[in-house]
Amino acid sequence: SGCVFTEAGAAPDKPAGVVAITFADLRRRGVIDGMVLCDVSGARVRAARETMARKIGAVYKDMDLTMMTLPEDDVDFDPDAFRAAIAHMKRGDVVTIFTPDDTHFKICMACIEAGLHVLCAKPIVKRLEDHTRLAEAAKRHGVLVAVEYHKRFDPIYVDARDRVRAQLGPFSYFSSTMTQPKAQLDTFAGWAGKSSDISYYLNSHHMDVHAWSVGRTSRPERVVAMAARGAAERRLKPADNRAIEDTITLMVQWRNDDDSAGTATYTASWIAPRADSHTQQHFHVMGHEGEIRVNQAKRGYEMSTDAAGFAQLNPLYMKYTPAPSGHFAGQNGYGYRSIEEFVRAAEEVNSGRATIEDISGRDVLATVDTTARVTAMLEAGRMSLDAGGAGVRILYPDDLRDENAAPEKEAKRLKNGKAVDCEAEPVGLRLE
């Protein structure tokens, strides 16, 4: 589980969480039935039940929080408890994985091999090789696997994506920034700089928005990364003296299918001061024929109270204020819709009304077969940092073929009339 046992939850803008409250409400609405909650610690499971009872059951009307929880409350630590949870499920059931990044692959693969549909928190894995293995396994076992990129359901981002494709022309430039306050480091003190970094945690969001927006008309080809250090390490004082970057910027060269070039920078940080919004975030995208700027932190909806001070509000993500009837009323939030869309897609596959290919072809969910370029950029960024800022090439099938072919001065034209194959997923990385 990804339960965070603080009064504010994982963040001040998520006081009652996202996953548990969404599934509890889906059950109230008759979309799902039974639920199983699994963690590595019995004490954490017990605390999770108490937290859900206090923040969900006591606040919203008709929320049934009955569920099987594993491991037993008296178990100190069981890293394989998820296997017992899987044994209680049947083929076609849905699993959500919200655990530290370096545990995703093992759990996800076990679920796939059991015939379960999997929605995994971003990043689905940290290495391109593991992403490819999951995609191959999902196809082999006929299950739906996707990354929970909820920004694909933000109405502003959806509109921006459509305008990028329809009005901006060939891709030229993308820049994104996403920062969270230093207090977020305390929540993630156990894994920061160990099982993941701030780029995997936050840059992944806008990398997916970018890749999703340009579709198969452009592809990332080269990554160089830089990082700032000092503040996070002073705050957390890790006993093992591990390095924890404050801010990471990835600079990525993209190439379009007409052989023109584009550039992108993705910046993520968790040492910002407290502000009017927990996450400050914005992006700017420019094409040959126009540009778009989006600031997700400022929606033009503000509130100030004696208790909490001034804040920017975003009920488009999750709406926690109950309806006048006392029921949860956040079904239209894009955090909720991201999960419900996956559940309903899995049900379509189970009933035979849609195939995995149909779901992937809709280009709504971030399915595992279409998102490897984000994993490739993230891993390449980590490789670049570990190599002192060296460049890392992202390889595609045509790169491997061209290695064995004589160099040609004249640009090749593909069968579809394009100069560059931007349809294929990446197949490897190479440190320069």
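How many cavities of 30 Å³ or more does the count come to? I shall return to that after introducing the structure. Please keep in mind throughout that this is a predicted model.

Let me begin with the eight-stranded sheet. It is open, its pairing is mixed, and its strands follow the order S11-S10-S6-S9-S8-S7-S15-S16. Strand S11, residues 290-295, and strand S16, residues 428-431, have a single partner strand each, so they stand at the edges with one side lacking a neighbour in the sheet. From one strand to the next, the twist averages 15°. Helix H8, residues 198-214, packs on this sheet. The strands that H8 touches are S6 (171-181), S7, S8 (245-256), S9 (261-272) and S10 (280-287), and the direction of the helix makes about 150° with that of S9.

Within this sheet, I would draw your attention to strand S6. Eight of its 11 residues are buried, so S6 is largely enclosed by the rest of the structure. How do its partners run? S6 and S10 are antiparallel and joined by eight bridges, with Phe 171 of S6 having Gly 287 as its bridge partner in S10. S6 and S9 are parallel, again with eight bridges, and here Ser 175 stands opposite Thr 265 in S9. Further along the sheet, strand S7, residues 218-229, pairs with strand S15, residues 392-395, through two bridges in the antiparallel sense. Val 223 has Val 392 of S15 as its bridge partner.

One residue of S6 merits a closer look, namely Phe 174. Is Phe 174 buried or exposed? Its relative accessibility is 1%, and because buried means under 20%, Phe 174 counts as buried. Leaving aside residues up to four places away in sequence, its contacts include His 206 and His 210, together with Thr 263, Ala 264, Thr 265 and Tyr 266, and also Phe 283, His 284 and Val 285. Trp 254 lies 80 residues from Phe 174 in sequence, and their C-alpha atoms are 10.0 Å apart.

A second residue worth examining is Leu 236, in helix H9, residues 231-236. Leu 236 is buried, with a relative accessible area of 18%. Beyond its sequence neighbours up to four places away, Leu 236 touches Leu 185, Asp 186, Ala 189, Ala 192 and Ile 244. One of these, Ala 189, is 47 residues from Leu 236 along the chain, with 6.7 Å between their C-alpha atoms.

I turn now to the other sheet. This open sheet has four strands in the order S3-S4-S5-S14, with mixed pairing. Its edge strands are S3 (94-97) and S14 (366-367), each paired on one side only. Strand S5, residues 145-147, runs antiparallel to S14, with two bridges joining them, and Val 147 stands opposite Ala 366.

Helix H5 packs against S5, among other elements. H5 covers residues 128-141, and from its first C-alpha to its last it reaches 20 Å, close to the 20 Å expected at 1.5 Å a residue. Its buried residues are Leu 128, Asp 130, His 131, Leu 134, Ala 137 and Ala 138. Besides S5, these residues pack against helix H4 (104-113), helix H12 (372-386) and S16. Just after H5, Gly 142 takes a positive phi of about 65°.

This brings me back to the opening question. The count comes to two cavities of 30 Å³ or more. The largest cavity holds about 40 Å³ of space. Among the residues lining it are Val 147 and Ala 366, the pair that stands opposite each other between S5 and S14. The lining also includes Leu 119, Arg 152, Phe 153 and Ser 338.

Finally, some details of the backbone. Leu 70 and Pro 71 are joined by a cis peptide bond, with omega about -5°. Pro 71 lies in the loop between strand S2 (68-70) and helix H3 (81-87). The peptide bond from Lys 122 to Pro 123 is also cis, with omega near -10°, and Pro 123 is in the loop between strand S4 (117-120) and H5. Asp 62, although not a glycine, has a positive phi of about 65° and is found in the loop between helix H2 (42-57) and S2. For Asp 259, phi is near 75°. Asp 259 is placed in the loop between S8 and S9, where it counts as partly exposed at 39% relative accessibility.

Methods:
Residues numbered from 1 in each chain as written. Predicted model: local features only at pLDDT ≥ 70, side-chain atom pairs only at ≥ 80, totals over all residues. Heavy atoms only, no water. Pairing = 2+ DSSP bridges. Buried < 20%, exposed > 50% of the residue type's maximum accessible area, 1.4 Å probe, protein only. Contact = heavy atoms within 4.5 Å. Axes fitted to C-alpha atoms, helices over the stretch in contact; angles between N-to-C directions. Expected span 1.5 Å × (residues − 1). 1 Å grid on protein atoms, 1.4 Å probe; cavity = no way out; pocket = protein on both sides within 12 Å on 5 of 7 lines; lining within 4 Å. Points joined across faces, edges and corners; volume = space filled by probe spheres on them.
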